[in-house]
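User: I am new to reading protein models. Can we go through this one in short steps?

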Amino acid sequence: MDGTAGTRARRVFVDKQSPKAYHALVQTAEAVRATAAEAGLDRILVELVNLRVSQINGCAACLDVHTRAALRAGETTRRLGVLPAWRDTELFTPRERAALGLAEAVTDPADASAQERAYAEAREVLDEEAISAVIWVAITINAFNRVSILSKHPVRESPQA
C-alpha cells in the first residue's frame, strides 16, 4: 500500500449533499446553453469546448458525458481523437479554433499572455455575443468539472456505451 490509499475517505458527492446549489448550477448550464444557441454556436462547437476544458481538467465523468453528447450531435471520432492537439491539425474551422483557444484561456487564466492571444484570435472570427457565450460555456463546464472531480464521480460501463 502506498500510504494514502488505505487512508482515503469516501468522497462526498457535493451535488447530492447540496442539491439546491447543484440545481442552481444546472439552471446556469441551461441558461448558458440557450445563450450559446442565441449566439449562433452549434451543439458540436459547444461540446468541443466542454470536452477540451474537461481534458485539461482531467474530469473523467464530464469527458464521458460530453463525448457521448458530441457523438450524438454528429461529431466524428477522428476529430474527437485529435482534439487535445487541435492546433496541429487542419480538422477544425477558424470559428472552432477561436472557441477552443478562448476556452483554454478561461480554464488557465493565470497565463495572461496566452489569454490575450486567445482573446485577440477570437475577436478575428467571433462577434461579441459569441465570445461571451464561449466564455460562459467554458466557465460552466469548469464548474461541473470541479463538482465531478472533487466528488470522484465514477465512470462505469453501461449498455449504452
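User: Which helix holds Thr-107, and is Thr-107 buried or exposed?

Analyst: This is a predicted model, where local features need pLDDT of at least 70, side-chain atom pairs count only at pLDDT 80 or more, and totals for chains, interfaces and linings use all residues. Residues are numbered from 1 along each chain as its sequence is written, and side-chain values use heavy atoms, leaving out hydrogens and water. Thr-107 is found in helix α6 (helices are DSSP runs of H or I, at least four residues, numbered from the N terminus). Its relative accessibility is 11%, and buried means under 20%, exposed over 50%, partly exposed in between (1.4 Å probe, protein chains only), so Thr-107 is buried.

User: Which residues is Thr-107 in contact with, leaving aside neighbours within four places in sequence?

Analyst: Contact means heavy atoms within 4.5 Å. By that rule, the partners of Thr-107 are Val-53, Ile-56, Asn-57 and Asn-142.

User: How are α4 and α8 oriented to each other?

Analyst: Helix α4 covers residues 60-73 and helix α8 covers residues 128-151. They pack at an angle of about 130°, with axes 8 Å apart. Angles under 35 degrees count as roughly parallel, over 145 as roughly antiparallel, 65 to 115 as roughly perpendicular and the rest as oblique. The two helices are therefore oblique.

User: Which residues of α4 make the contact with α8?

Analyst: On the α8 side are Ile-141, Phe-144, Asn-145 and Ser-148. On the α4 side are Ala-61, Cys-62 and His-66.

Terms used
Axes fitted to C-alpha atoms, helices over the stretch in contact; angles between N-to-C directions.
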